[in-house]
Each structure stands twice: as C-alpha cells, then as structure tokens.
Amino acid sequence: MANAFERIAQQAERHKRVQTLMHYVSKQNLIEEHRQQQKGKATGIDGVSKEAYGEDLKANIDDLLIRMKAFSYRPQAVRRTYIPKAGSDKMRPLGIPAYEDKLVQGVMRKVLDQIYEGKFYNFSYGFREGKSCHQAIREVNQLIMTKKINFIVDADIKGFFDNVDHEWLMRFLEHDIADKNFLRYIKRFLKAGIMEDMKYHESDRGTPQGGLISPVCANVYLHYVLDMWFDKVVKKQCKGEAHIVRYADDFICMFQYENEANAFYKALDARLKKFNLELAKDKSKIIRFGRFAKQHSADGKTDTFDFLGFTHINGETLTGKYTVLHRTSKKKLKAKKQKVRDWLKENIHGKPSDTIELLNKKLVGHYRYYGISGNYEGLLKFYRYIRIALFKTLTRRSQRAYLTWRRFRMLLEKHPIAEPRIYVNIWQAA
C-alpha cells in the first residue's frame with residue numbers, strides 16, 4: 001500500500017494538478033485503515049465501534065464502496081462532546097466522527113499527505129511525518145543564535161481551526177487536484193455538520209472536528225495564506241533577514257530590522273482578513289529579541305515570547321556569552337499541575353505503589369516533551385511539585401493512618417518517582 005501512495009507523490013511532482021485519486025479509496029486501503037484504527041475509542045452518532053464494524057468487515061466495506069461510487073454516501077455529522085480544559089474551569093470541545101467516516105478520511109488523508117508533502121515548506125513542522133515540535137523549537141533557537149535576528153513577531157490567529165473558509169480551502173485544493181470526485185467528498189466532509197445534545201448544527205466554516213483530514217487541510221490553508229506569501233512576497237520586500245517557523249497555526253516570525261517587522265505585522269492583519277481570518281491582537285506582539293536586546297533596554301530587562309509550550313528568554317551562559325534559554329511556560333506548567341492534582345484526587349484510593357507506577361508514566365511523558373536542552377530547572381520544579389502533591393494526597397487517604405514525611409521517603413525509596421531527564425538536544429543543529 002505504501003508504494004501505491006508513493007506514486008501519488010511522483011505524479012504531484014511531475015504534473016501541476018493530480019488526477020484519478022478516488023481509486024485509492026479502495027477495498028484494500030480501507031481494510032488497512034480499519035486495522036490501524038485504535039480499539040476502545042468513543043463512537044460517533046452512529047454508535048458503531050471498530051469491533052462492531054469489524055464483525056462483518058468485508059461486507060461493510062463492499063457496501064461503503066457501492067454507495068461511494070453511486071455518490072449516495074454522505075458523511076454523518078460529527079458528535080460533539082466536551083472534556084475539561086487543563087488548568088481552567090472551561091471545557092474543550094471534542095469532535096467524534098462516525099466510524100465509517102474515519103476510514104474514508106484516513107485513506108483520503110494519506111492521499112493528501114502525498115500530494116502536499118513535496119509542496120510544503122521546510123519551515124512548516126506541524127502534522128507532518130518526520131517533523132516535530134522539538135525540531136521547530138530547534139530551528140527557532142538556531143535562527144536566533146546564528147542569524148541577524150533583532151525582532152520577533154509573535155502572532156496569534158483567532159480561532160483558526162473554527163474559521164477556515166470552505167470556499168477558499170476548496171480553491172486551494174483545486175489548484176493542485178483535478179479529480180472532481182475526490183474534491184466532492186472533501187467538501188461533503190467539510191459540510192457534514194455537528195450534532196450536539198440531539199441538535200444538528202451546520203458547519204459553514206472550519207475544519208471537521210476530530211476529522212482525520214483536518215490537520216492536512218489546515219496546513220494546505222496556511223501554506224497558501226501564510227507560508228507562500230511570506231516566502232514569495234514578505235522576504236523579497238525585506239532588505240534585512242526575515243524568517244518564519246510554523247507548527248500548525250502557531251508561528252513565529254523573526255526580523256533583522258524593526259521597521260520591517262512593523263510592516264509585516266500590519267500586512268499580516270490585512271492578509272488574514274482577505275481569507276476571512278482574524279489576528280488576535282490581544283495575544284500578538286512585536287518584541288526586541290536577540291543578542292543585542294539587552295543593550296537596547298533601559299533597565300537591562302528584555303521581553304520573552306511563548307512558542308509550543310516554552311517561554312523563550314534572552315540569557316547568558318556561565319561564561320557570559322549570549323544564549324537563548326527555553327523554559328516550560330508558566331501557563332503550561334500551571335495547567336500540568338492542575339491536571340496532576342485532578343488525577344491524584346481520582347486515584348486517591350489505589351495502592352500507593354500502583355499510583356506511583358501510573359504517575360511515573362505521566363511524568364516520563366512530561367519529561368519527553370519538556371526535557372529539552374537547558375530546561376532541567378523547569379523539569380525539577382515540576383518533579384518537586386509532584387512529590388509534595390503526592391504526599392498531600394496520600395495523607396488524606398485515612399485519618400487513622402497519618403503518613404509522616406519520614407514514612408513517605410521510605411515509600412519513595414522502594415517505589416521512586418521518575419526523576420527529571422533531558423531527552424532532546426536542541427542546541428545541536430539537525
């Protein structure tokens with residue numbers, strides 16, 4: 001199946017527009033997509049699970065393909081539910097597609113990935129195979145450390161995924177895809193709608209909630225709205241250096257000259273409006289940043305910016321040389337602490353050894369993401385907080401068996417909490 005999809009990339013490289021794509025939504029590829037789906041996932045409005053669909057898999061796939069060829073197949077509305085948002089009292093919306101729709105979208109996503117992987121810019125890191133958040137952070141670090149960077153434009157697009165314009169997205173896709181039937185089904189997924197509390201809501205904008213094609217569609221949108229514009233227009237208008245690093249809708253732009261950073265910020269506002277997007281001005285800013293930021297500061301203090309869960313700071317090495325420091329952002333750290341507190345409350349009655357074992361899995365996950373060069377202090381703060389939070393939780397278990405700090409330390413000697421560790425070296429160029 002991999003070789004079959006790779007032929008799409010070859011076709012996309014040779015031709016301006018790719019044709020005959022629907023035949024990739026085949027029985028073989030749909031069955032393989034079914035195998036790759038995780039078990040035990042929440043069901044959409046159809047109530048069908050992977051296990052139920054797989055009981056008569058071949059017959060179900062055959063029926064699906066008959067309906068697709070007759071164009072009687074229509075994606076079902078996405079079931080909207082809500083989960084607690086970490087670090088706040090707010091709830092985060094979550095979209096759950098019908099199982100059959102997951103299969104079709106999964107195959108179509110593979111097709112789109114092959115078409116666009118060769119077109120996307122190297123500075124785009126989100127939702128792409130072989131690229132990661134850590135690579136994006138490493139690139140930001142390398143640019144600031146090695147290029148003539150003096151100003152950062154830290155911009156935020158207001159509700160990007162909820163406000164993608166369907167007409168513009170289809171025009172972008174049509175620019176690269178000639179298969180009208182393939183495009184027809186993408187449009188149907190975009191228009192499938194949302195079901196919440198037994199009420200249907202039309203989806204006239206935004207990418208499908210929980211949809212497997214949503215990440216690549218979002219990347220296509222920003223490829224044309226932002227990436228290509230920055231590369232073909234913005235950079236050519238700048239006399240000084242100009243760079244961009246993007247991960248999904250989170251991006252950082254770096255400039256040598258202040259007037260060019262200001263001009264870009266103004267042009268960005270107009271550019272986003274053209275494509276029915278909005279710059280969140282309360283979350284966007286231009287700051288002086290880089291090796292000369294401190295000497296231009298009246299009080300010796302310099303601004304910081306947040307990107308991908310880290311606060312990036314102008315700092316110095318032990319020998320007094322300039323360096324960029326990267327720390328877990330206060331916002332993310334607060335949310336992580338709240339999440340751990342909530343989890344400990346839910347698991348207060350388990351065996352302490354089992355609780356620590358499960359807690360360690362969460363800690364290692366935290367270390368694997370936030371354990372980048374220079375952030376050991378941030379990891380250590382979280383580790384110390386976890387120790388105290390676990391101690392307080394265990395002391396609440398029983399009023400009779402009061403847990404002293406000495407007994408707690410003895411417990412940790414037998415069942416230690418996972419200690420901080422740096423997993424990713426971002427100081428070394430890839």
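A residue counts as exposed when its relative accessible area is over 50% and as buried when that area is under 20%. In this predicted model, K331 has a relative accessible area of 68% and is therefore classed as exposed. Of the protein's 430 residues, 48% count as buried, and the C-alpha trace spans about 70 × 65 × 40 Å along its principal axes.

**Overall make-up**
- The secondary structure of the protein consists of 14 helices and 11 strands, among them helix α11, which covers residues 330–346, and strand β3, which covers residues 151–156.

**Surface charge around K331**
- K331 belongs to helix α11, and on the surface this lysine gathers with K90, K158, K283 and K332 in a patch of positive charge.
- The exposure of K331, at a relative accessible area of 68%, can be set beside the state of strand β3, where five of the six residues are buried.

**Strand β3 and its partners**
- Strand β3 is mostly covered, and the strand pairs with β7 (residues 250–255) through six bridges, the two running antiparallel.
- Strand β3 also pairs with β8 (residues 285–288), again in the antiparallel sense, with four bridges between them.
- F151 illustrates both pairings, since its bridge partner in β7 is F255, while in β8 the residue standing opposite F151 is R288.

Terms used: Residues numbered from 1 in each chain as written. Predicted model: local features only at pLDDT ≥ 70, side-chain atom pairs only at ≥ 80, totals over all residues. Heavy atoms only, no water. Patch = residues over 30% accessible without salt bridge, like charges linked within 9 Å, V, L, I, M, F, W, Y side chains within 5 Å. Areas by Shrake-Rupley, 256 points an atom, 1.4 Å probe, with all protein chains shown as cover. Salt bridge = Lys/Arg side-chain N within 4 Å of Asp/Glu carboxyl O. Lys, Arg positive; Asp, Glu negative; His and termini not counted. Charge placed at Lys NZ, Arg CZ, Asp CG, Glu CD. Buried < 20%, exposed > 50% of the residue type's maximum accessible area, 1.4 Å probe, protein only. Pairing = 2+ DSSP bridges.
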